[in-house]
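Thank you for making time for this. I would like to walk you slowly through a structure that is new to most of you, so please have the sequence and the model open as I speak.

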Amino acid sequence: MAKGMKIRKDDTVLVTAGKDRGKTGRVLRTEPGRRRVYIEGLNMVKRHQRPRSVKDTQKSAEAGGIIDKEGPIDVSNVMLLDPTDNKPTRVGMRVKDGKRERYAKRTGSAIE
């Protein structure tokens with residue numbers, strides 16, 4: 001059974017391994033079951049896509065061809081950027097006033 005990830009959508013993260021090491025970006029979506037994150041503009045892959053037409057309107061038809069899109073990155077290869085000083089940090093969970101909150105282990109400040 002997969003444990004919950006500490007990286008969430010719209011977090012700003014630093015890539016620590018792979019071809020995009022050292023770059024930062026915003027998390028577009030997460031896949032907790034596969035432990036993957038998709039980061040805006042990073043790990044770009046090419047996909048061959050067929051043109052699709054929608055029956056209702058022609059405006060929302062998707063164009064075909066070779067498109068660039070974000071590929072998945074393992075969550076172990078990214079680190080959250082501390083919102084206070086924009087440096088990479090590990091993330092912890094603590095209970096405050098009966099609610100769970102994420103906090104930056106570097107500074108101890110709450111995230112969001």
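**Strands, core and charges**

Let me begin at one end of a sheet, where S7 and S8 pair in the antiparallel sense over two bridges, and where Leu81 stands opposite Pro88 in S8. I should say at once that this is a predicted model. Between the two strands of that hairpin there are six residues, and in this hairpin Asn86 takes a positive phi near 60°.

If we now step back to the whole sheet, we find that it is open and has six strands, in the order S6-S3-S2-S1-S7-S8, with antiparallel pairing. Its edges are formed by strand S6, residues 72-74, and strand S8, residues 88-89, each of which pairs on one side only. Further in, S1 and S7 are antiparallel partners over three bridges, and there Val13 stands opposite Leu80 in S7.

Val13 brings us to the interior. In soluble globular proteins, nonpolar side chains tend to be buried together. Here the largest nonpolar core has 15 residues, and those with the most contacts inside it are Ile7, Val13, Val37, Ile39 and Val78. Strand S1 (12-15), strand S3 (36-39) and strand S7 (78-81) each supply at least two residues of this core. To take one of these residues on its own, which residues does Ile39 touch, if we leave out those up to four places away in sequence? The list runs Val13, Val15, Gly25, Arg26, Val27, Leu28, Glu70, Ile73 and Val78.

Arg26 in that list leads on to the charged side chains, since the structure holds ten salt bridges. In one of them, the side chains of Glu40 and Arg26 meet at 3.4 Å, N to O. Glu40 lies in the loop between S3 and strand S4 (44-49), while Arg26 lies in strand S2, so the pair ties together parts that are 14 residues apart in sequence. Glu40 counts as partly exposed because its relative accessibility is 41%, and Arg26 is also partly exposed, with a relative accessible area of 32%. These two residues are linked with Asp10 in a network of salt bridges.

Another salt bridge joins Lys46 to Asp68, with the closest N and O atoms 3.1 Å apart. This pair links distant parts of the chain, with Lys46 in strand S4 and Asp68 in strand S5, residues 65-70, and their positions 22 residues apart. Lys46 counts as exposed at 53% relative accessibility, the cut-off being over 50%, whereas Asp68, at 47%, counts as partly exposed.

A third example is the salt bridge of Arg34 with Glu31, whose closest N and O atoms are 2.6 Å apart. Are its two partners buried or exposed? Arg34 is partly exposed, with a relative accessible area of 48%, but Glu31 is buried, at 16%.

Charges also meet rings in this model. Arg29 lies over the face of Tyr38, at 3.8 Å from the ring centre, and the charged end of Arg94 sits over the ring of Tyr103, 4.4 Å from its centre.

I will finish with two points in the backbone. Arg35, in the loop between strand S2 (24-31) and S3, has a phi near 60°, a positive value in a residue other than glycine. Asp97, in the loop between strand S9 (91-96) and strand S10 (99-104), likewise has a positive phi, near 55°, and it counts as exposed at 76% relative accessibility.

Technical notes. Residues numbered from 1 in each chain as written. Predicted model: local features only at pLDDT ≥ 70, side-chain atom pairs only at ≥ 80, totals over all residues. Heavy atoms only, no water. Core = buried A, V, L, I, M, F, W, Y, C linked by side-chain atoms within 4.5 Å. Buried < 20%, exposed > 50% of the residue type's maximum accessible area, 1.4 Å probe, protein only. Helix = DSSP H or I, 4+ residues; strand = E, 2+ residues; numbered from the N terminus. Contact = heavy atoms within 4.5 Å. Pairing = 2+ DSSP bridges. Lys NZ or Arg CZ within 6 Å of the ring centre and 35° of its normal. Salt bridge = Lys/Arg side-chain N within 4 Å of Asp/Glu carboxyl O.
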